[in-house]
Amino acid sequence: GREQLICSGCGVKIQTENKGELGYAPPSSLSREVIICQRCYRLKHYNEVQDVSLTDDDFLKILTELGKKEALIVKIVDIFDFEGSWLPGLHRFAGKNPVLLVGNKADLLPKSVKSSKVIQWMKKAAKDYGLKPADVHLMSAKTGDSIMEVANLIEEHRDGRDVYVVGSTNTGKSSFINRLLKEFGAEEDMLITTSNIPGTTLDMIDVPLDDGSFLYDTPGIINHHQIAHLLDKNELKVISPKKEVKPKVFQLNEAQTLFFGGLGRVDFKSGEPQSFIVYMSNDLTIHRTKTEKAAELYEQHLGDMLSPPFEKNKESFPELVKKEWKVEPGKYDLIFSGLGWVTISGSGSVIRTFAPKGVNVNIRPSIF
Ligand code: GDP
């Protein structure tokens, strides 16, 4: 077959079909010597912050360090913010080192979710980013659920090597490390130290393992795609689910719209009447309106009826970017990174989604 082109910036597979999608590069650019995707191109030439934080020096230095080691890499992602907590480029630096991919915050998933489907989706999403994990597992660092399984997987896959735990900020990496320490460290006189990452002012936490190896907790990396970075602490509280997410069901006709606070929007452009089931923080207000009224409503009520963002922050809030989806018949989840998702199950429909500039919307076969 044809050789798969890879972006030399972030490592995603290059595609030339869908402009709004990951890895897009204009066909004309493929003749260049160095091929990079449009996102990386924009980052490089226009410094647009919605793009991956590959320019962040510290991020690169951490990755460079990882690339020099023989180690197991444990990568923590927030399953409610998979895109936002992804670390692009990691797989290239990981080299031959195995990566154990751990999805955190599983306690927030409704009970009706099938773990196997979540894992299947994580594998597929990782593959789209160019990473083939040695294993994928779900856990809750908060409740402690599946922590032992993850610890056992680490032991199995590290095979005597050191372990590096990586993750972007807010994924629950600290909670996870603290759990591990509680499970394994408390009774022993474990000497936890820190060590510096060469070329940075950053310290890692070094946890000794029983065979003389170490588990290193690397600093949380900021991924600029995270919706969390657009919000202040109190706004973030509203969108972060605290417990199992309760589905909210809306029966919609064509030309109707739902707003998720002022942070996202879905338009039912065309299709048979169907239910839109929203899985987001129970504290986030959902507003239903006619699509023809939606723009005006947003204009007039961002910050009050449509909030977060709160009134005082709405001026600096980025515009919502539109994306159109032709959804096949069947059950699909439209994922709003960092917010949650909306499950639709029509007989084929056209949907428009809106999310803050830089924050991704994606689709997956439903995890129910
Ligand atoms: P870090 O920035 O990656 O180190 O993340 P923290 O451990 O500080 O956690 C970030 C936020 O996510 C905090 O508000 C935690 O309470 C929350 N959190 C962490 N792990 C879990 C989890 O398994 N479930 C839930 N529901 N929340 C979690």
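1. Asp-211 is partly exposed in this predicted model, because its relative accessible area of 40% falls between the cut-offs of 20% and 50%. Its salt-bridge partner is Arg-158, and the closest N and O atoms are 3.0 Å apart. Asp-211 sits in the loop between strand S6 (203–208) and strand S7 (214–217), while Arg-158 belongs to helix H5 (residues 147–158), so the contact ties together parts that are 53 residues apart in sequence.

2. Arg-158 counts as buried, because its relative accessibility is 1% and the cut-off for buried is under 20%. The bridge to Asp-211 therefore joins a buried Arg-158 to a partly exposed Asp-211.

3. The pair is part of a wider arrangement. Glu-155, Arg-158, Asp-210 and Asp-211 are linked in a network of salt bridges.

4. Lys-312 and Asp-232 also meet through their side chains in a salt bridge, at 3.1 Å from N to O. Lys-312 lies in the loop between helix H8 (291–301) and strand S13 (320–329), and Asp-232 in the loop between S7 and helix H7 (233–239), so this pair ties together parts that are 80 residues apart in sequence. Lys-312 is exposed, because its relative accessible area is 64% and the cut-off for exposed is over 50%. Asp-232, with a relative accessible area of 22%, is partly exposed.

5. A salt bridge between strands is formed by Arg-352 and Glu-324, with an N to O distance of 2.7 Å. Arg-352 is in strand S16 (residues 347–356) and Glu-324 in strand S13; the pair links distant parts of the chain, 28 residues apart. Arg-352 counts as partly exposed at 23% relative accessibility. Glu-324 also counts as partly exposed, at 39%.

6. How many salt bridges are there by the rule of a side-chain nitrogen of Lys or Arg within 4 Å of a carboxyl oxygen of Asp or Glu? The count comes to 16. The pairs described above are among them, including Asp-211 with Arg-158, Lys-312 with Asp-232 and Arg-352 with Glu-324.

7. On the surface, a patch of positive charge is made up of Lys-13, Lys-123, Lys-127 and Lys-132. Lys-13 is placed in the segment before helix H1 (38–46). Its relative accessible area is 35%, so Lys-13 is partly exposed. That value also meets the requirement for patch members, because these need over 30% relative accessible area. Patch members also have no salt bridge, so Lys-13 stands apart from the bridged pairs discussed above.

Terms used
Residues numbered from 1 in each chain as written. Predicted model: local features only at pLDDT ≥ 70, side-chain atom pairs only at ≥ 80, totals over all residues. Heavy atoms only, no water. Patch = residues over 30% accessible without salt bridge, like charges linked within 9 Å, V, L, I, M, F, W, Y side chains within 5 Å. Areas by Shrake-Rupley, 256 points an atom, 1.4 Å probe, with all protein chains shown as cover. Lys, Arg positive; Asp, Glu negative; His and termini not counted. Charge placed at Lys NZ, Arg CZ, Asp CG, Glu CD. Helix = DSSP H or I, 4+ residues; strand = E, 2+ residues; numbered from the N terminus. Buried < 20%, exposed > 50% of the residue type's maximum accessible area, 1.4 Å probe, protein only.
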